[in-house]
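Work through the following exercises with the sequence and the model open beside you. Each task is followed by a solution that goes step by step.

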Amino acid sequence: MATIKDIAKKANVSAATVSRVLNYDTGLAVGQETKRKIFEAAEALNYTKYKNKQKKAEQVIRLVQWYNAEEELADLYYLAIRLGIERKAEELNIQLVKESLFELSQMKTDGTIALGKFDAKQIKRLKEMGQPLLFVDYDTMSAGFDSLVVDFHQAVDLVIDHFIKEGHERIAILTGIEYTKDFHNEIIDPRLTIFNERLEQLRLLNSEYEITADFTVEGGYQAVHKFLQVTKKLPTALFATSDAMAVGALKAIQAFGLKVPEDISVIGFNDVSVAKYVTPALSTVQVPTEWMGELALETILQLTKDEAPVPRKITLGTKLMLRDSTLISQ
């Protein structure tokens, strides 16, 4: 694990600044560019798989990003995937053209990676570009397109199985709210559906323990703080469907005078680099984000050479990383 000093050296800032940024210190006044340098340095040092550049492939791939720069810093999940795509492109000497869906150029490319979540109109627009197309983190196989996604069923089972093993019966979920960019259609978090189905089977489902928030640290903090104020019988375990929200939940629980994990165990989702540096260190579902980015680039390159007869969905597994925010079985 990279140290605070390692990150500070790579980002060319002080160790104190790195520590406060990684812990989302709201009293620290630093610019977005400084935050970006620190978060990208932390992700880069967290993922040490580097290879020598290969012979120039002379291909151009377009990366269409759902999140803008500010949204990336609020939830590092897509930042980590993007870095994986960029590193693989550099390794293979692929020219990567990064564009917003709202500012697509007429530049001719060999294929397109669409990173994020898109509505039907946006998918149609990407299709009309007439290039091989791969969606990352959004299942579009039913619409006829190749997709690279995470196995949410397996991930949620890992979380619930661990909480049950620890003897928890009052289990809450902090789930994210997202909307498509054009029409502002709400995107239901599939992890919530899977979570509810599993707890209902176990006869442990309690609708009062469902908390919703934006996929940000501040969103998680505000939602959990409000929940703790009005809930009479508190849960003993909390699953947050992103690490950003989980960090906010940690801060809210501590601000309420409770201890993690003694009073409430917390598990996040994604295992972004900052999960190791918050206090207590965050237990979380590890999604191989950087490798997911690498695989995305390898897959789109394959599609540029051989057109598949049918769409396919590549599903990635996850693993549970247990740290100080949960009670770990011996």
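The exercises below go from the whole chain to one helix, then to single residues and loops.

The model is predicted, so that local features need pLDDT of at least 70 and side-chain atom pairs count only at pLDDT 80 or more, while totals for chains, interfaces and linings use all residues. Residues are numbered from 1 along each chain as its sequence is written, and side-chain values use heavy atoms, with hydrogens and water left out.

**Exercise 1. The whole chain**

Compare the radius of gyration of the protein with that of a compact globule of 330 residues.

Solution. The radius is taken over C-alpha atoms, and the globule rule is 2.2 Å times the number of residues to the power 0.38. For 330 residues the rule gives a value near 20 Å, and the protein has 20 Å, which agrees. Along its principal axes, the C-alpha trace spans about 60 × 50 × 40 Å. Next, count the elements: the protein has 11 helices and 13 strands, where helices (H or I, at least four residues) and strands (E, at least two) are DSSP runs numbered from the N terminus. Finally, turn to contacts, meaning heavy atoms within 4.5 Å: among those between residues at least 6 apart in sequence, 73% join residues at least 24 apart.

**Exercise 2. Helix α11**

Check the length of helix α11 (residues 289–305) against its number of residues, and then find how many of them are buried.

Solution. The expected span of a helix is 1.5 Å times one less than its number of residues. For the 17 residues of α11 this gives 24 Å, and the end C-alpha atoms are 25 Å apart, which agrees. For burial, the cut-offs are under 20% relative accessible area for buried and over 50% for exposed, with partly exposed in between (1.4 Å probe, protein chains only). By this rule 12 of the 17 residues of α11 are buried, and the helix is mostly covered; among the buried residues are M292, L295, I300 and L303. Across the whole protein, buried residues make up 53% of the 330 residues.

**Exercise 3. Two residues and their surroundings**

Which residues are in contact with I300 and with F135, leaving aside neighbours within four places in sequence?

Solution. Begin with I300 of helix α11, which is buried because its relative accessible area is 0%. Its contacts are I61, G111, T112, I113, P132, L133 and L134. The C-alpha atoms of I300 and I113 are separated by 7.0 Å, although the two residues are 187 residues apart along the chain. Then take F135, in strand β4 (residues 133–136), which is likewise buried, with a relative accessible area of 0%. The contacts of F135 are A114, F118, I123, L126, T140, F145, D146, S147 and L148.

**Exercise 4. Backbone features in loops**

Locate the loops that hold P261, P280, N93 and R203, and describe the backbone there.

Solution. P261 lies in the loop between α10 (243–255) and β10 (265–270), and a cis peptide bond with omega of about 10 degrees joins V260 to P261. P280 is in the loop between β10 and β11 (283–286), and the T279 to P280 bond is cis, with omega near -5 degrees. N93, in the loop between α5 (77–91) and β2 (95–100), has a positive phi near 55 degrees, and at 28% relative accessibility N93 counts as partly exposed. R203, in the loop between α8 (190–201) and β8 (210–214), has a positive phi near 60 degrees, and at 78% relative accessibility R203 counts as exposed.
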